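Thanks for sharing this one with me. Here are my notes, set out point by point, to read alongside the model.

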Amino acid sequence: MKLNTNWHLKNKMPQNPTLDERIKWHIKHAKNCLCRPIPEKLLAEIKKRGI
Ligand SMILES: [Zn+2]
């Protein structure tokens, strides 16, 4: 697992993220960094939406 510090500095999670914002953040995050996996709850929601 490698933390992409640069990406994290440029892509901060909003203070009170909506589900949509969390999903978008995690999709981008997964493409750029591997420090933590997408939570299962979000993963299920992403699959449901077919993203
Ligand atoms: Zn990360």
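1. Let me begin with K24, which sits in helix α2. Please keep in mind throughout that this is a predicted model. K24 has 14 C-beta neighbours inside 10 Å, so it counts as partly exposed; a residue needs 20 or more to be called buried. Its C-alpha atom lies 9.9 Å from that of M13, a residue 11 positions away in sequence.

2. A second residue of helix α2 is worth a look: H29. Is H29 buried or exposed? With 20 other C-beta atoms within 10 Å, H29 is buried, and the cut-off for that class is 20 or more, so please read the label with the count beside it. From H29 to K41 the C-alpha separation is 16 Å, with their positions 12 residues apart in sequence.

3. Stepping back to the whole fold, the protein chain has three helices and zero strands. Read from the N terminus, the order of elements is α-α-α. Along the principal axes, the C-alpha atoms fill a box of roughly 30 × 25 × 15 Å. Of the 51 residues in the protein chain, buried ones make up 4%.

4. Now to the packing of two of these helices. Two packed helices are described by the angle between their axes and by the distance between the axes. How do those values come out for α2 and α3? The axis of α2, which spans residues 19-32, comes within 10 Å of the axis of α3, and the two cross at roughly 95°. Angles of 65 to 115 degrees count as roughly perpendicular, and α2 and α3 are therefore roughly perpendicular to each other.

5. Which residues make this contact? On the α2 side they are L19, R22, I23 and H26, and these meet L42, E45 and I46 on the α3 side. Sorted by class, the contact of α2 with α3 has four nonpolar residues, one polar and two charged.

6. The loop between α2 and α3 holds C35. This cysteine has 13 other C-beta atoms within 10 Å, so C35 is partly exposed; a count of 12 or fewer would have made a residue exposed. C35 also has a partner to check in the viewer: T5 is 30 residues away in sequence, yet the two C-alpha atoms are 9.7 Å apart in space.

7. Helix α3 itself covers residues 40-49, and L43 is placed in it. Why does α3 lie largely in the open? Of its 10 residues, the number buried is zero. L43 fits that description: it counts as partly exposed because it has 14 C-beta neighbours inside 10 Å. The C-alpha atoms of L43 and D20 are separated by 12 Å, and the two residues are 23 apart along the chain.

8. One backbone detail to finish. Just after α3 comes G50, and this glycine takes a positive phi of about 65°. I would be glad to hear your thoughts on any of these points.

Note on methods
Residues are numbered from 1 along each chain as its sequence is written. This is a predicted model: local features need pLDDT of at least 70, side-chain atom pairs count only at pLDDT 80 or more; totals for chains, interfaces and linings use all residues. Helices (H or I, at least four residues) and strands (E, at least two) are DSSP runs, numbered from the N terminus. Axes are lines fitted to C-alpha atoms, for helices over the stretch in contact, and angles run from 0 to 180 degrees between N-to-C directions. Angles under 35 degrees count as roughly parallel, over 145 as roughly antiparallel, 65 to 115 as roughly perpendicular and the rest as oblique. Two residues are in contact if their C-beta atoms, placed from the backbone, lie within 7 Å. Ala, Val, Leu, Ile, Met, Phe, Trp, Tyr, Cys and Pro count as nonpolar, Asp, Glu, Lys and Arg as charged, and the others, Gly among them, as polar.
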